[in-house]
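The following questions and answers concern the model displayed below. Please consult the sequence and the coordinates while reading.

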Amino acid sequence: MKTWVFSTESDGHAGSAALEALSKARSFGGDLGVIHVGPGSEAALAELGDHGATSVLQIAEGSAAALAAGLAEAAGSQQPDLIVFGAGNLDRDVAGRLSARLGKPVLANAVDIAVDGDALQVVNEILGGTQRVTTSFAGGSPAIVITRPKAFAAEPSGGGAPAVTTLELPDVGHAGDVEVLSQHVEESSGPDLEAAAVVVSGGRGIGDADKFSMVHELADLLGGAAGATRAVVDAGWVPYSYQVGQTGKTVKPDVYVACGISGAMQHLVGMKDSTTIIAINKDPEAPIFGVADLGIVGDVHNVIPALVEALKARA
Amino acid sequence: MKIVVCVKQIPDPASPYELDPDSYYVVRPADQVLDDTDRYGVEVALQLSDEIGDAASVTLLSMSPGGSQQGIRQALAMGADGAILVEDETLRGADALTTSQVLAAAAKRAEADLVITGTESTDGYTGVVPQQVAELMGAPSLTFARKVEHVDGKIRIERQTQAGYDVVEGALPAVLSVTSGVVEPRYPTFKGIMQAKSKPVETLTAADLGVAPDVQQKITSVEDVASRQAGDIVEDEGEGHLRIIEKLEEVKVV
Ligand SMILES: Cc1cc2nc3c(=O)[nH]c(=O)nc-3n(C[C@H](O)[C@H](O)[C@H](O)COP(=O)(O)OP(=O)(O)OC[C@H]3O[C@@H](n4cnc5c(N)ncnc54)[C@H](O)[C@@H]3O)c2cc1C
Ligand SMILES: Cc1cc2nc3c(=O)[nH]c(=O)nc-3n(C[C@H](O)[C@H](O)[C@H](O)COP(=O)(O)OP(=O)(O)OC[C@H]3O[C@@H](n4cnc5c(N)ncnc54)[C@H](O)[C@@H]3O)c2cc1C
């Protein structure tokens with residue numbers, strides 16, 4: 001068994017999805033390699049090694065088309081059985097293009113991967129996680145899998161530095177004719193959403209962008225991070241980095257407080273594994289109450305300010 | 001500029017879809033609705049087309065093995081000029097790659113300069129069709145766009161990133177995937193709905209496009225997951241916040 005894991009460097013660190021996938025892939029046995037896109041900082045490479053990677057193919061940068069072409073060439077000569085991607089935007093860009101290039105399907109949204117000899121199966125959760133679907137792959141190597149964030153826990157193995165080889169990308173002509181003109185950071189305040197012990201998220205029920213400050217205030221008082229639904233992100237109230245759900249972050253905090261959130265399936269998949277869920281919604285029929293340990297049927301504009309005052313009074 | 005917008009037709013999401021107990025394919029009624037996610041692509045296409053004027057056209061492209069037209073008519077009512085429907089029973093249960101082969105071949109046949117898609121569909125949400133179509137067309141992919149502009153014959157987007165956004169520009173022909181924050185889709189007018197009934201819908205088969213469906217994955221089992229039990233639901237009569245504090249104390253957060 002030869003497994004490759006796709007990693008993108010951010011702020012000098014290896015991709016979290018890659019560390020999660022490596023931790024899982026160690027149980028498959030055999031060769032464990034990483035395709036790492038980014039400057040290749042010493043810290044990032046050490047993290048990959050520490051999670052089980054023995055070799056790294058390092059690529060500084062490239063268009064999705066060039067990355068896919070480079071990967072396809074490398075896969076042709078080195079014959080991996082399985083290539084695992086995370087759910088990030090570049091992951092999906094490269095996985096999709098690689099799939100089309102190799103004529104192999106992509107098994108997407110995997111929450112588990114099982115290897116039994118040559119047979120490979122992946123598990124997906126559908127309908128907001130109410131059903132588990134097992135799919136077997138019969139396409140011949142390599143199998144291309146995209147995993148859900150936090151499907152696996154990242155656990156160091158204590159491995160040493162991996163052997164690093166630089167991968168040169170081929171010229172892909174018109175398909176590579178894209179240019180990044182500028183990059184912009186949108187600030188989000190407070191602790192890291194994915195690691196926070198308490199997450200307070202706001203949905204459309206908060207009312208407008210200005211009122212979202214009450215979500216921040218409550219999150220601050222509880223020492224937690226603020227999150228949001230896609231509806232709120234799309235409306236431009238908060239940046240995308242706040243988004244919890246299928247196309248945003250997956251969070252598993254000790255406490256998740258959902259404020260003015262209906263509880264759409266695509267939101268639930270990002271937070272339903274929180275230990276305790278508290279929901280405030282004025283509609284008693286809101287689906288969020290189906291997963292809440294405590295549900296308050298009420299107006300967020302009354303309940304949150306009262307909660308904030310009470311918490312301040314205790315401090 | 002020939003703009004082709006990929007629109008998926010799906011079972012009405014108002015009720016959750018079901019999987020067929022034998023094939024495990026999604027049970028698809030004869031008439032399916034326009035995936036809400038694809039209204040954004042249609043709107044982007046219409047706005048680009050308005051800006052460019054007579055030299056632009058907007059054609060919808062949908063693969064629907066059972067030949068649903070309801071969702072296509074919804075998108076035509078928004079103002080698209082015409083549609084291509086790939087209707088072929090052999091495509092039932094097609095995976096994303098097969099779907100992309102069909103869409104890419106149809107877009108090439110239509111001589112598309114710009115192919116617009118959503119970032120992921122509501123029912124299957126593999127989120128790789130845009131990139132697969134781009135690769136099969138030999139075109140650049142401009143993906144996860146939250147803003148789109150047509151500048152000097154190129155497409156310039158704000159690409160949503162974890163940290164914020166990147167401004168990215170690509171040459172045509174290209175494939176563009178748009179988020180649901182990109183524009184506010186228009187509602188069809190009564191006139192639009194009436195006109196949609198007589199707009200041309202060309203139907204094609206997989207064979208017309210030279211695609212031989214070959215699905216290399218198979219669902220082997222579907223199980224129910226023990227779902228989370230709902231807890232206490234209480235009406236707020238001015239004391240709701242105290243119940244929350246009790247709960248937070250119970251789990252030792254305060
Ligand atoms: C492919 C795809 C991917 C998606 N990915 C995501 C994702 O990653 N994350 C995500 O969140 N969504 C995602 N969505 C969108 C999702 O389907 C929902 O549309 C979205 O989660 C709804 O957000 P909301 O709960 O803020 O808004 P709404 O559904 O509009 O709910 C607002 C709620 O607020 C309540 N309310 C209103 N006023 C008050 C008040 N004064 N006090 C208390 N309650 C009030 C209402 O009763 C209602 O329940 C995705 C959708 C698709 C199709
Ligand atoms: C629960 C579930 C899980 C699945 N898992 C997988 C999997 O892991 N791998 C796999 O290969 N297939 C999978 N499929 C099948 C896959 O969803 C279908 O092949 C589908 O035809 C295309 O993929 P998508 O809807 O996921 O596309 P996405 O990539 O999510 O769709 C993005 C955009 O592509 C365009 N588009 C997609 N389909 C069409 C269409 N028929 N007509 C016009 N435009 C379209 C739309 O603009 C859409 O917004 C799954 C299906 C279901 C229901």
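Q: Which residues come nearest among those around ligand 1?
A: The model is a predicted one. In it, ligand 1 lies between chains A and B. Its surroundings comprise 29 residues, and those that come nearest are R204(A), T229(A), T247(A), S262(A) and Q266(A).

Q: How much of the area of ligand 1 does the protein bury?
A: Polar contacts count here up to 3.5 Å between N or O atoms. An oxygen atom of ligand 1 is 2.7 Å from a backbone N or O atom of R204(A), and another such pair joins an oxygen atom of the ligand to a side-chain N or O atom of N281(A) at 2.8 Å. Ligand 1 exposes 980 Å² when taken alone, and the share buried by the protein is 84%.

Q: Which elements give two or more residues to the shell around ligand 1?
A: The shell of ligand 1 divides into five nonpolar, six charged and 18 polar residues. The elements that contribute two or more residues to it belong to chain A: α6 (230–234), α7 (265–268) and α8 (300–314).

Q: How many residues around ligand 2 are nonpolar?
A: Ligand 2 also lies between chains A and B, and K8(B), D38(B), A94(B), S121(B) and T126(B) come nearest of the 31 residues around it. A polar side-chain atom of K8(B) is 2.5 Å from an oxygen atom of ligand 2, while a polar backbone atom of A108(A) is 2.8 Å from an oxygen atom of this ligand. The shell holds nine polar and five charged residues, and the nonpolar ones number 17.

Q: Which helix gives the largest share of the largest nonpolar core?
A: In soluble globular proteins, nonpolar side chains tend to be buried together. The largest nonpolar core here has 49 residues, and those touching the most other members include W4(A), F85(A), L61(B) and M137(B). Seven residues of this core, its largest share, come from chain B helix α3 (residues 96–109).

Q: How many residues of helix α1 (residues 16–25) of chain A are buried?
A: A residue counts as buried when its relative accessible area is under 20%. Among the residues of α1(A) that meet this criterion are L19(A), E20(A) and L22(A). The elements covering the buried residues include β1 (2–8), β2 (31–37), α2 (42–50) and β4 (82–85) of chain A. The helix is mostly covered, and of its ten residues the number buried is seven.

Definitions and conventions. Residues are numbered from 1 along each chain as its sequence is written. Chains are lettered from A and ligands numbered from 1 in the order in which they are written. This is a predicted model: local features need pLDDT of at least 70, side-chain atom pairs count only at pLDDT 80 or more; totals for chains, interfaces and linings use all residues. Side-chain values use heavy atoms; hydrogens and water are left out. A residue is near a molecule or strand if one of its heavy atoms lies within 4 Å of it. A polar contact is a pair of N or O atoms within 3.5 Å; within protein, one must be able to donate a hydrogen and the other to accept it, and residues adjacent in sequence count only if both atoms are side-chain atoms. Accessible areas come from the Shrake-Rupley method with a 1.4 Å probe; for residues, only the protein chains shown count as cover. Helices (H or I, at least four residues) and strands (E, at least two) are DSSP runs, numbered from the N terminus. Ala, Val, Leu, Ile, Met, Phe, Trp, Tyr, Cys and Pro count as nonpolar, Asp, Glu, Lys and Arg as charged, and the others, Gly among them, as polar. Buried means under 20% relative accessible area, exposed over 50%, partly exposed in between (1.4 Å probe, protein chains only). Contact means heavy atoms within 4.5 Å. A nonpolar core is a set of buried Ala, Val, Leu, Ile, Met, Phe, Trp, Tyr and Cys residues joined through side-chain atoms within 4.5 Å.
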